[in-house]
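Biologist: I have a model open on my screen and would like to learn how to read it. Could you walk me through it, one feature at a time?

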Amino acid sequence: MAPRLNLFDWWARDAAKGTPVIVKMENPDFSIVEIDGPDAAFKPVEKGRLKNAKQVRWILMLKANRAVGCVAWLATILWALLGTIKRRLILREGVGLASEKLGRGKLMLRIIKALLVISMAVLGFEVVAYFKGWHYFENPNLYIPHTSDLQGFFHLVYVAWLELRGQYIAPLVQSLSTFCVVLFMIQSLDRLILCLGCLYIKLKKIKPEVNGDPFQLDDPEGAHCSYPMVLVQIPMCNEREVYELSISAVCQLDWPKERLLIQVLDDSNDEGIQWLIKAEVSKWSQKGINIIYRHRLVRTGYKAGNLKSAMSCDYVKDYEFVAIFDADFQPTPDFLKQTVPHFKDNPELGLVQARWAFVNKDENLLTRLQNINLCFHFEVEQQVNGVFLNFFGFNGTAGVWRIKALEDSGGWLERTTVEDMDIAVRAHLNGWKFIFLNDVKVLCEVPESFEAYRKQQHRWHSGPMQLFRLCLPAVIKSKISIWKKANLIFLFFLLRKVILPFYSFTLFCIVLPLMMFIPEAELPMWVLCYVPALMTFLNILPAPKSIPFLAPYLLFENTMSVTKFNAMISGLFQLGSSYEWIVTKKAGRSSESDLLAAADRDMKALIQPQISRGASENDLSDLGLLKEQKGQTLKPVKKINKIYRKELVLAFLLLTAAVRSLLSAHGLHFYFLLFQGISFVLVGLDLIGEQIS
């Protein structure tokens with residue numbers, strides 16, 4: 001047993017030396033072991049000691065296999081991306097050019113094309129000069145050649161260009177850069193203050209509460225009388241995919257039937273869709289639900305005109321509150337019981353707004369990025385403004401209004417495409433207060449295609465500019481405090497609706513590429529890297545599961561700045577189609593509970609007889625028409641991808657600037673411009689809203 005003793009002594013040679021202990025066993029069949037330390041026998045065995053050469057080889061082979069698999073996966077994605085680019089951009093298979101009707105799209109496209117041509121010409125100039133060794137203006141302290149040093153006509157032109165660039169162009173670009181950086185820091189400070197306000201609300205657990213029993217449920221005889229009269233409106237227009245979901249959800253609201261009326265406000269110009277909606281309304285009416293179908297022959301004023309027409313009905317005067325849901329919204333049965341009680345004993349309260357939740361947030365990369373933006377909007381912006389200011393922009397749906405507040409504020413107006421923000425501003429000027437309920441969520445959809453999202457964002461950013469021009473005199477003349485006027489003008493409109501899209505587009509899509517060709521103008525590293533990363537991280541915190549998408553989100557926001565800037569200019573100066581309302585296309589997604597409930601209803605429908613024996617010929621013909629229209633909804637529609645020229649031209653501009661940055665050895669600038677250019681390529685080829693196939 002001596003070798004074992006020596007091995008153990010060698011194994012524990014690094015252990016702390018203690019008093020030697022000899023253990024003797026009386027039984028001669030046992031060994032005698034010497035322990036040199038009190039805990040040496042229990043010392044953990046090093047992992048490396050258990051690995052022989054064969055094990056190490058297998059581990060290395062496993063790691064190499066994983067690395068090869070990762071590289072193969074990236075190569076597969078890159079190959080699929082290149083194949084998709086070839087089919088869409090070169091072969092033009094299943095694609096079409098996107099319309100440039102949104103604002104002054106054609107004018108902006110011409111400007112970006114001109115910048116691209118100039119940048120490519122300058123890049124060619126710089127490449128030739130680089131290989132000839134003419135690096136005069138990489139540093140302002142370098143030697144500037146005199147007339148006697150000129151080496152031909154090309155050298156003369158290049159030196160003239162350097163002098164023009166250094167004396168005239170660079171100061172202008174630097175001034176524009178400084179101006180954008182100042183705006184960027186102001187907007188970042190506003191974003192930081194909002195996040196600190198949200199943190200304060202979380203720590204103090206501040207939220208609107210209802211005191212007591214608002215419905216007096218302890219008195220069973222007069223319980224129903226304590227429920228206020230509520231009107232529910234569902235405005236829609238050609239909503240074939242989602243009409244059934246919204247009507248079904250609203251008809252299942254837990255509220256006394258005699259104190260609830262549902263208006264389905266259909267502006268559809270498709271007779272087939274009208275038939276389907278009428279049939280759905282009739283089905284719920286036969287179940288005892290107070291539901292009315294309204295259709296306008298003349299669709300003026302879009303959604304605002306639809307709501308205004310519905311509020312003009314004589315029976316509306318019998319109702320105290322009105323809840324509004326767009327066609328893709330699916331409120332829970334207890335929605336009214338969670339929102340309406342806040343109005344009791346609070347006569348100054350005009351609006352209770354609920355939060356949106358999305359059934360298709362994980363559908364593709366586009367929906368994930370939208371979820372990040374909207375989570376920040378509700379969790380931070382709406383909640384903080386609701387708690388500290390009692391004012392925020394009405395989201396147009398999933399809210400309950402006091403009808404008196406609507407009437408005092410002038411009702412629905414058709415002057416802009418953001419009628420929800422319009423009525424909220426006018427109600428605020430009249431002294432009404434708002435409450436935001438972050439815990440009350442209503443299911444809805446976000447656009448799944450970039451085309452639908454682009455049109456939605458154009459309306460959301462051009463409309464506020466229309467409203468700002470129209471309501472600015474009213475804000476100045478109003479009787480609200482100076483602090484509220486300043487908040488409304490400088491924060492609500494200018495900072496969050498004008499400055500944000502302006503600096504985002506100008507700084508990262510125009511100024512930064514120009515600086516690669518004009519090295520005399522410089523952009524601080526913290527503006528390019530640290531502050532955007534911090535702001536992006538703050539934006540993504542309300543949706544923590546989206547943290548892996550931090551980099552794509554930052555790049556996508558800069559990409560969308562083109563559409564937002566174009567919309568802002570269009571609305572501010574009344575250009576292009578700033579007054580055009582385009583209904584956001586829906587997919588008709590349902591939550592898991594909705595799907596189970598629908599399956600249960602379908603099963604019951606199969607058991608019950610569909611047509612009574614006494615049905616007339618007209619009923620049979622109507623039923624046949626209805627089945628035909630429903631059959632049309634099941635036909636798959638082949639998707640036609642779009643090519644967005646502004647985004648593609650900007651992509652080439654950024655990639656050209658990235659190549660130029662290599663000549664100046666600007667490593668971080670190169671990577672930023674490269675990835676931002678790739679982001680524009682993905683958006684320009686309509687790849688952001690689907691998986692690459």
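Modeller: Let's start with one residue: D686 is buried, with a relative accessible area of 3%. Buried means under 20% relative accessible area, exposed over 50% and partly exposed in between (1.4 Å probe, protein chains only). This is a predicted model, so local features need pLDDT of at least 70 and side-chain atom pairs count only at pLDDT 80 or more, while totals for chains, interfaces and linings use all residues. Residues are numbered from 1 along each chain as its sequence is written, and side-chain values use heavy atoms, leaving out hydrogens and water.

Biologist: Where is D686 found, and what is its phi near?

Modeller: Most residues other than glycine have a negative phi. D686 has a positive one, near 60°, and sits in the segment after α20 (667-684). Helices (H or I, at least four residues) and strands (E, at least two) are DSSP runs, numbered from the N terminus. Y302 also has a positive phi, near 55°, but Y302 is in helix α7 and is partly exposed, at a relative accessible area of 27%.

Biologist: Where in the protein chain is confidence lowest, and where is it highest?

Modeller: Look at pLDDT, the predictor's confidence in each residue, from 0 to 100. The chain averages 81, and 76% of the residues score at least 70. The low point is helix α1 (residues 2-11), with a mean of 44, and the high point is β9, at 98. Residues 1-17 have a pLDDT below 50, and this stretch has 17 contacts in the model beyond near neighbours in sequence. Contact means heavy atoms within 4.5 Å. Residues 139-143 stay under 50 too, with four contacts beyond four places in sequence. Where pLDDT is low, the predicted coordinates should not be read in detail.

Biologist: Next, the sheet. What is the order of its strands?

Modeller: Strands of a sheet pair through backbone hydrogen bonds, either parallel or antiparallel. For counting, two strands pair if DSSP finds at least two bridges between them. Here you have an open sheet of seven strands with mixed pairing, in the order β6-β5-β4-β7-β9-β8-β10. At the edges are β6 (291-295) and β10 (433-444), each paired on one side only. From one strand to the next, the twist averages 20°. Helix α7 (residues 302-311) packs on the sheet, where it touches β4 (230-236), β5 (260-266) and β6, and its direction makes about 145° with that of β4. Angles run from 0 to 180 degrees between N-to-C directions, and axes are lines fitted to C-alpha atoms, for helices over the stretch in contact.

Biologist: Which pairs of strands should I zoom in on?

Modeller: Try two. β4 and β5 pair in the parallel sense over seven bridges, and V230 has L260 in β5 as its bridge partner. Strand β8 (residues 349-358) pairs with strand β9 (residues 399-402) in the antiparallel sense over three bridges, with V352 standing opposite V400 in β9.

Biologist: How many residues of β5 are buried?

Modeller: In a regular strand the side chains alternate between the two faces of the sheet. In β5, seven of the seven residues are buried, so the strand is largely enclosed by the rest of the structure. L260, I262, V264 and D266 cover one side, and L261, Q263 and L265 the other, all of them buried. Click on Q263, which has 0% relative accessibility. Its contacts, leaving out residues up to four places away in sequence, include L231, I292, A310 and Y315. Q263 and L231 are 32 residues apart in sequence, yet 7.5 Å apart in space, C-alpha to C-alpha.

Biologist: And helices: at what angle do α15 and α16 cross?

Modeller: The axes of α15 (residues 530-540) and α16 (residues 550-572) come within 10 Å and cross at roughly 105°. That makes α15 roughly perpendicular to α16, the term for 65 to 115 degrees (under 35 is roughly parallel, over 145 roughly antiparallel, the rest oblique). P532, T536, F537, N539 and I540 of α15 meet L550, Y553 and L554 of α16. The contact residues divide into six nonpolar, two polar and no charged. Nonpolar covers Ala, Val, Leu, Ile, Met, Phe, Trp, Tyr, Cys and Pro; charged covers Asp, Glu, Lys and Arg; the others, Gly among them, are polar. The buried residues of α15 also pack against α4 (153-204), α9 (365-388), α13 (482-517) and α14 (525-528).
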